[in-house]
Amino acid sequence: MCGIVGYIGKREAYPIILEGLKRLEYRGYDSAGIALYDGNSIQLSKTKGKVVDLENRVNNEIETTGSLGIGHTRWATHGVPNDINSHPHYSNSGDLVIIHNGIIENYASIKKELIKRGYTFSSETDTEVLINLIEDVKKNEQVKLGKAVQIALNQVVGAYAIAVFDKNKPDEIVVAKLGSPLAIGVGENEFFIASDATPFLEYTKKAIYLEDEEMAIVRLKKGVKIRKIKNDALVDPYIQELQLNLEQIVKGGYEHFMLKEIHEQPNAIKDTYRGRLNANKGQVRMAGIDDNLEKFLNANRIIVIACGTSWHAGLVSEYIFEDLARIPVEVEYASEFRYRNPVITENDVVIAISQSGETADTLAAIKLAKSKGAFVFGVCNVVGSSIARETHAGAYTHAGPEIGVASTKAFTTQITVLTLIALKLAKEKGTLSHSEFHLHLQELELIPDKVQKALQSDAHIKVVAETYKDAKNCLYLGRGFNFPVALEGALKLKEISYIHAEGYPAAEMKHGPIALIDEQMPVFVIATKKGHYDKVVSNIQEIKSRKGKIIGIVTEGDTEVKNLADHVIEVPETLELLTPLLTTIPLQLLSYHIAVMLDKNVDQPRNLAKSVTVE
Ligand code: M6R
């Protein structure tokens, strides 16, 4: 977590870093800080709170001149979010300044040693320990900053993306990466440093993404020199041409990114299947699958690993893979999988799902699966992300940047990719008849228009939101393909409105949660025409007889649930296994409207961050 930004060039660094921090705020927003250097003095300002609080403080506190600078937006790991723990951090001499995204796990023992040598610490952070370790190495070994950073990093255990500068070297920033992302934007006589490329999109489309265990010395005149941290080997910089546009990362007239991203889903799903799905020709083409078809066809089972919303998409895919391709699937929380000595063999295919491609637990689970010989396939949204690079092969979701912390279009596009894979495998294995295969392709192609139609219920959903916005607890129920959608609906409500919500398989209600039902309890029930409809209707009756409030997500034209429910929200009809792509839409909108009505920070909910790069 945390966002880091840096600039060295001819322009004023301050506006570039400030705007960059605003774009990276999705990564953490507990506190923010900036350090600027004009060759004479370092101006440093930091504060608990958001980047806008930093902006106010900077205006009253420091000069904003200097064409070298670094900035940070924090998601606290070590030390509470307060002014002192905010980054950047000085070394004891005041010569070195650092920003850091990640965790130094052995910081306590290093700190002890440094204290013995006379170092003092003002913050509780691991980062202040790291900068003083670098200073200590620099002094004792009589080496330049780059070498000192390298020696120090060889002594630390943990994860980091860091940027450091030295008051005595006004034309140089040293950066390094292990586990957390770090991109270097390469302009004309200027360089940008950032956790992702969004802070420098308007200045350059050329970027270098550092690999794990690499560091770079970025010099104004001499350019970028990359080395391996462990063995000092020089690495040829690989400069990529960015495909991202500025328009993709602004709100474009919507009040929040989340709302924009909800409404982007018709196009995002189209972008996901574009060039892959051809219903007329009856084809699914995906390079990552085509090139590794035998691995999938011979797999004993598929193990899906992911976290949060991506895990919910994985759970939907379990139903889809088993139904269409008849391959056994297990869906695992990456955080559990990595620590429980799982049984994995060379005949397992592991699918890792991640919007950001940076989630630490998923990344670690991938490494574990690889070490046990499994073939690992990634489903990521962020191109070039750590997970995309760590996996043997993969398929991007092509959803475009997702900035709202609550995942929306990531979920539906992940399901789209996974459905395409399942269809492809079903065709190859002959588990789906020719005509059924065609029917699924045709229906999938119609989904974007149907999502568009589902979005048109927005005004009605707002009325429902108004009715239930003051609820203290909510239940979400679904069965089969829509059980994971119930989980996802509950997660969306919890994370942005802070209302307690639980998702359950509808039939499990009678084994416990039914005790919660009274006239205060709203129950959101996914009850589409297909998929155990009659059973779900019985569950609805059980709720009704206990006076629970029922909000049904139903198929267009439904009358049975309408007669029982307090409210219904309709979605268009589709094949049963594609219904999650539609039923999730009203649940996203409901959570969104409730959060707005409760005056919550929709795009940056408390305690969360967009990409969780710590365990
Ligand atoms: O980037 P990833 O898909 O790996 O992220 C996984 C979770 O952190 C993420 O889905 C999280 O649960 C979202 N806040 C849910 O909206």
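Here is a short walk through this structure, starting at its ligand and ending at two details of the backbone. Keep in mind that the model is predicted.

Begin by finding the ligand. It sits in the second largest pocket, and 15 residues surround it. The closest of these are Ser310, Ser354, Ser356, Thr359 and Glu495. If you sort the shell by class, you will count five nonpolar, eight polar and two charged residues.

Where in the protein do the residues of this shell come from? At least three of them belong to domain 2 (253–455), and at least three belong to domain 3 (456–601). Two helices are also worth tracing with your eye: helix H10 (308–325) and helix H17 (483–497) each supply at least two residues of the shell.

Now zoom in on the ligand's oxygen atoms. Glu495 has a side-chain N or O atom 2.5 Å from an oxygen atom of the ligand. For Ser356, a polar side-chain atom lies 2.6 Å from a ligand oxygen. Lys492 also places a polar side-chain atom by a ligand oxygen, at 3.0 Å. How much of the ligand's accessible area does the protein cover? On its own the ligand has 410 Å² of accessible area, and the protein covers 92% of it.

Finally, let's turn to the backbone. Most residues other than glycine have a negative phi, and most peptide bonds are trans. Two places here depart from that pattern. One is the peptide bond that joins His87 and Pro88, which is cis, with omega about 0 degrees. You can find Pro88 in the loop between strand S4 (68–74) and strand S5 (89–90). The other is Arg326, which is not a glycine yet has a positive phi of about 55 degrees. Look for Arg326 in the loop between H10 and strand S19 (329–333). Helix H10 is one of the helices that supply residues to the shell around the ligand.

Technical notes:
Residues numbered from 1 in each chain as written. Predicted model: local features only at pLDDT ≥ 70, side-chain atom pairs only at ≥ 80, totals over all residues. Heavy atoms only, no water. Near = heavy atom within 4 Å. Polar contact = N/O pair within 3.5 Å; in protein donor to acceptor, adjacent residues only side chain to side chain. Areas by Shrake-Rupley, 256 points an atom, 1.4 Å probe, with all protein chains shown as cover. 1 Å grid on protein atoms, 1.4 Å probe; cavity = no way out; pocket = protein on both sides within 12 Å on 5 of 7 lines; lining within 4 Å. Sits in = over half its atoms within 2 Å of the grid points. Helix = DSSP H or I, 4+ residues; strand = E, 2+ residues; numbered from the N terminus. Nonpolar A, V, L, I, M, F, W, Y, C, P; charged D, E, K, R; others polar. Domains from an automatic or database assignment.
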